[in-house]
Amino acid sequence: MPYPVTVTIDPALTNRNRLATAFRIILAIPHLLLVGGVGFGGVAWRTDHTSTSLTSETGLLGAAAFLLAIVSWFTIVIGGQHASGIRQFTAFYMRWRVRALAYLMLLRDEYPPFGDTRYPASIEIVEPAGPRDRLTVGLRIFLVIPHLIVLAFLAFGWWITSCLAWLMILFTGEYPPGLYGFGVGVLRWLLRVETYILLLVDEYPPFSLR
């Protein structure tokens, strides 16, 4: 059975926009503030433990999605139900996030929309059929640890290859196919795991770049 989360990126290897690439990190700032960059984490305690602050890894919408995942954890474990409103919001966040990350990490040049408009980077999430798996939901934070360890290394490697691709695009206008394939693979892995953490699916994510 295919995994119920599918990430699709229309390849963009040649005739890249060098000007937009040169200033990509600046142009992406509005989306970073809303849906974050490469990483996880919703709300972080400050050192005085008296208040909370949003992390740059999820942005404002991502912080809300992670807080709602905590609410969903209780509703699923206790009642076996995932509130439809929470699920819709979280799926909306994930659709926005895939577009923003594809742009930030140079996989596409088109500026991502602020909202839910078509874009050549997309994610499809199949809703779980039948009752939710309360056991795996209850243990979700522990089950995902192996993926988080692997993703820490993959994300670091992705930043390195993206920096190399940034230079290649500036000088040649092309994104090397090998680096591009690696970036798309890490993005797929990252979003499958994030979808799992946010309780949108119950199937355990594969350890795969495909």
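Here are legends for three views of this structure, starting with the whole protein.

This is a predicted model, in which local features need pLDDT of at least 70 and side-chain atom pairs count only at pLDDT 80 or more, while totals for chains, interfaces and linings use all residues. Residues are numbered from 1 along each chain as its sequence is written, and side-chain values use heavy atoms, leaving out hydrogens and water.

**View 1. The whole protein has nine helices and four strands.** Both kinds of element are DSSP runs numbered from the N terminus: helices are H or I with at least four residues, strands are E with at least two. Starting at the N terminus, you'd read them off as β-α-α-α-β-β-α-α-β-α-α-α-α. Of the 210 residues, 46% count as buried (under 20% relative accessible area, with a 1.4 Å probe and protein chains only).

**View 2. Glycine 80 sits in the loop between α4 (59-79) and α5 (84-104).** Glycine 80 is buried, at 15% relative accessible area. Skip its neighbours within four places in sequence, and glycine 80 is in contact (heavy atoms within 4.5 Å) with Thr75, Arg132 and Arg134.

**View 3. Aspartate 202 turns up in the segment after α9 (177-197).** Aspartate 202 is buried too, with a relative accessible area of 14%. Its side chain and that of arginine 140 share a polar contact of 3.1 Å (a pair of N or O atoms within 3.5 Å; within protein, one must be able to donate a hydrogen and the other to accept it, and residues adjacent in sequence count only if both atoms are side-chain atoms). A polar atom of the aspartate 202 side chain also lies 3.0 Å from the backbone nitrogen of aspartate 133.

Definitions and conventions: Buried means under 20% relative accessible area, exposed over 50%, partly exposed in between (1.4 Å probe, protein chains only).
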